[in-house]
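Trainee: I would like to go through the reasoning behind the labels used for this model. Please set each value against its cut-off.

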Amino acid sequence: MAWHPVTRRTAKIARELYSAWSGRVGANAFIPSEKVQQLFNDMQLYPSKSEVLEMLRCAQQCAHRSTPNYLTFGEFCVFATELKRCVDKGLSRPAQLSRLLERDGEEKRRTRRKVSKGLPKPEVFLGGSCNPTTWRQDVAIPLLKDLGITYYNPQVSDWAPELIEKEHIAKQNAAILLFVIDNQTRNTASTVEVAFFSGLRRSLMLVVEPYPPSGCEIGGETLSDDELEDLAAGQQAMQVLAERQEIPVFRSVSLAVNGIAKVLWKNVSVHELQSVKSSPQISDRLMKLREAFDAVDLDRTGEISLKNVRLAFWILNNRNLPLSDLRSAGVLEKEAKENVPFENLRVNFDQFCAIVAEFKTNQERWNPSPVRSMKSVSPSFITNQQLSYDVFLGGSTENTTWRDDVAIPLLKNHGLKYVMPPSSQWTKQMLHSSVNLADRSRVLLFVITNTSRSLAELCMVAYCIGLGFDVVLYIELLTEQSIINGKEISKSAVKDYNRGRMYLKDLAVREGVPVFDSISVAVEFAATKCLKSSTNL
């Protein structure tokens, strides 16, 4: 159904959007790429050319267009309101932080508590890569001391078993978790831990140093190209999952410490720091809208009901959008006058973007919330149709046939619907799609075999546990006889990769996730959970 934004009546921010659009392109439903930057300037917003290009590319991807040559009105609304929010809160100007430190630093250094080795409630927990890295002693600790910010350093020269509990308490009590994931170690346990904390939406900040494509040496061992690909895939999966929860990722430890100071001194949420990174994160807002829209557009018609508009809005903002507010939405005004009962109106993605932009303006930030996690919060919004599948078959995909040989036949015998990750290649888009599929499944079965390193899969499991999804886990340890991609792996590599698997297994047990040592038993358990859940609905 065609609609023309210039004829709409709406709230103040929406009127500004309509006015700017009308003045620049009239009644057209699209604005060509060469006029986009001028349109933002009309609203006193000044994104760079590279930022505008990123927006156009993101819009192309979300709308499945063949070219990035234009924006629609709804897409413009999303980008403009997010840019305006960043400007209003000063989040788009990282240089302001240095002025903040100059002004407030001396006072804070005088008033902060002195660092104590036995401090039970540090402001910052220093997690992530350990030996042989020295980022804590060389960079982070001197900066934190200078700013008077208390910290807990788990990297000690004389380790003792009693430090396990002390580290756990410090981690639980810390106001901010700073994790540095570098390229000098395999980081198997740390990446899993980061994924879990991301799912929990802890106050987490990351510094990530990517692995080189070749020539990397760890512990005196030169890594093969295929191992580096797996390590990079695990690192990328961890970062994508963190960014889904608006966890800020920094290029250096010093920049991250500056962010810590801003959070502690200016009462800014860690998740708001994501906007400091500018265009990719602003563009990510549109991706989040696309994901929420697709999550409720189960029939893939490209249009959703007003009930599902409200559900998708809840997913994005974790708050209700009353039907009475929707009646005043400028983008729906014309449709409501065309002899169609208001409750029966259907909304396309572009209209949905305009609606979210209009009614989100009084929110501090996006707060994406998984569909199934809402069941305990707002049962009236969730229906059984939102769960499209019974079992999500996640986990290892390389050099294994556990799905075809064991899981699928057993699930078919029970008459259950299953779904698998769309690809074995861990691209950013594939990971987003996998999380959305998992979110629409009743039970998540993850099988981690010893036929691959499965680092990205480990992160996915931990993230879903953090989100509170109903997870069932089977996990194997690697052995010195394990063959991956036709090659034996070293003793040190076996130890490193098993460290991540053991951490995940312990985490699952601690969080009440059932862990099995038989794939068929794990599948049967998942099937039974689905069948019991169906009878209780």
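Trainee: Which residues of H12 meet which residues of H15?

Mentor: This is a predicted model. In it, Val309, Ala312, Phe313 and Leu316 of H12 meet Phe352, Ile355, Val356 and Phe359 of H15. By class, that contact has eight nonpolar, no polar and no charged residues.

Trainee: What makes the residues of this contact nonpolar?

Mentor: The nonpolar class includes Ala, Val, Leu, Ile and Phe. The H12 side supplies Val309, Ala312, Phe313 and Leu316, and the H15 side supplies Phe352, Ile355, Val356 and Phe359. The contact therefore divides into eight nonpolar, no polar and no charged.

Trainee: Why is H12 called oblique to H15?

Mentor: Helix H12 (residues 306-317) and helix H15 (residues 349-359) pack at an angle of about 55 degrees, and their axes are 11 Å apart. Roughly parallel needs an angle under 35 degrees, and roughly perpendicular covers 65 to 115. The value of about 55 degrees fits neither class, so H12 is oblique to H15. The crossing of these two helices is right-handed.

Trainee: Why is Ile304 called buried?

Mentor: Buried means under 20% relative accessible area. Ile304 has 1% relative accessibility, so Ile304 counts as buried. This residue lies in strand E10 (residues 303-305).

Trainee: What is Ile304 in contact with, leaving aside its neighbours within four places in sequence?

Mentor: Ile304 is in contact with Phe293, Val296, Asp297, Val309, Leu345, Arg346, Val347 and Phe352. Val309 and Phe352 also take part in the contact of H12 with H15. As for Asp294, ten residues from Ile304 along the chain, the C-alpha atoms of the two are separated by 9.3 Å.

Trainee: What about H9 and H17: why are they oblique to each other?

Mentor: The axes of helix H9 (residues 225-244) and helix H17 (residues 428-439) cross at roughly 55 degrees and come within 10 Å. An angle of roughly 55 degrees is not under 35 and does not fall in 65 to 115, so H9 and H17 are oblique. H9 passes H17 in a right-handed crossing.

Trainee: How many nonpolar, polar and charged residues does the contact of H9 with H17 have?

Mentor: On the H9 side are Gln236, Ala237, Val240, Leu241 and Arg244, which meet Lys428, Leu431, His432, Val435 and Asn436 of H17. The contact has five nonpolar, three polar and two charged residues. Arg and Lys count as charged, and among the contact residues are Arg244 and Lys428.

Trainee: What is the order of the strands in the sheet that contains E14, and which strands stand at its edges?

Mentor: Five strands form an open sheet in the order E13-E12-E14-E15-E18, with parallel pairing. Strand E13 (418-419) and strand E18 (515-516) stand at the edges. Each has a single partner strand, so one side of each is left without a neighbour in the sheet.

Trainee: How do you know that E12 and E14 pair?

Mentor: At least two bridges are needed for a pair. Strand E12 (residues 389-395) and E14 have six, in the parallel sense, and Tyr389 has Ser441 as its bridge partner in E14. Five bridges join E14 to strand E15 (residues 471-475), again in parallel, with Val471 as the partner of Leu444. E12 and E13 are joined by two bridges, which meets the cut-off of at least two. In E13, Tyr418 is the bridge partner of Val391.

Trainee: What makes E14 largely enclosed?

Mentor: Eight of the eight residues of strand E14 (residues 441-448) are buried, so E14 is largely enclosed by the rest of the structure. Helix H18 (residues 455-467) lies across E12, E14 and E15, at about 145 degrees to E14.

Trainee: Which strands form the sheet that includes E6?

Mentor: The order is E4-E3-E5-E6-E9, an open sheet of five strands with parallel pairing. Strand E4 (151-152) and strand E9 (249-250) are at the edges, each with a single partner strand, so one side of each lacks a neighbour in the sheet. Strand E6 (residues 204-208) pairs with E9 over two bridges, and Leu206 has Val249 as its bridge partner.

Definitions and conventions. Residues are numbered from 1 along each chain as its sequence is written. This is a predicted model: local features need pLDDT of at least 70, side-chain atom pairs count only at pLDDT 80 or more; totals for chains, interfaces and linings use all residues. Side-chain values use heavy atoms; hydrogens and water are left out. Helices (H or I, at least four residues) and strands (E, at least two) are DSSP runs, numbered from the N terminus. Axes are lines fitted to C-alpha atoms, for helices over the stretch in contact, and angles run from 0 to 180 degrees between N-to-C directions. Angles under 35 degrees count as roughly parallel, over 145 as roughly antiparallel, 65 to 115 as roughly perpendicular and the rest as oblique. A crossing is left-handed if the near helix is turned anticlockwise from the far one by less than a right angle, and right-handed if clockwise. Contact means heavy atoms within 4.5 Å. Buried means under 20% relative accessible area, exposed over 50%, partly exposed in between (1.4 Å probe, protein chains only).
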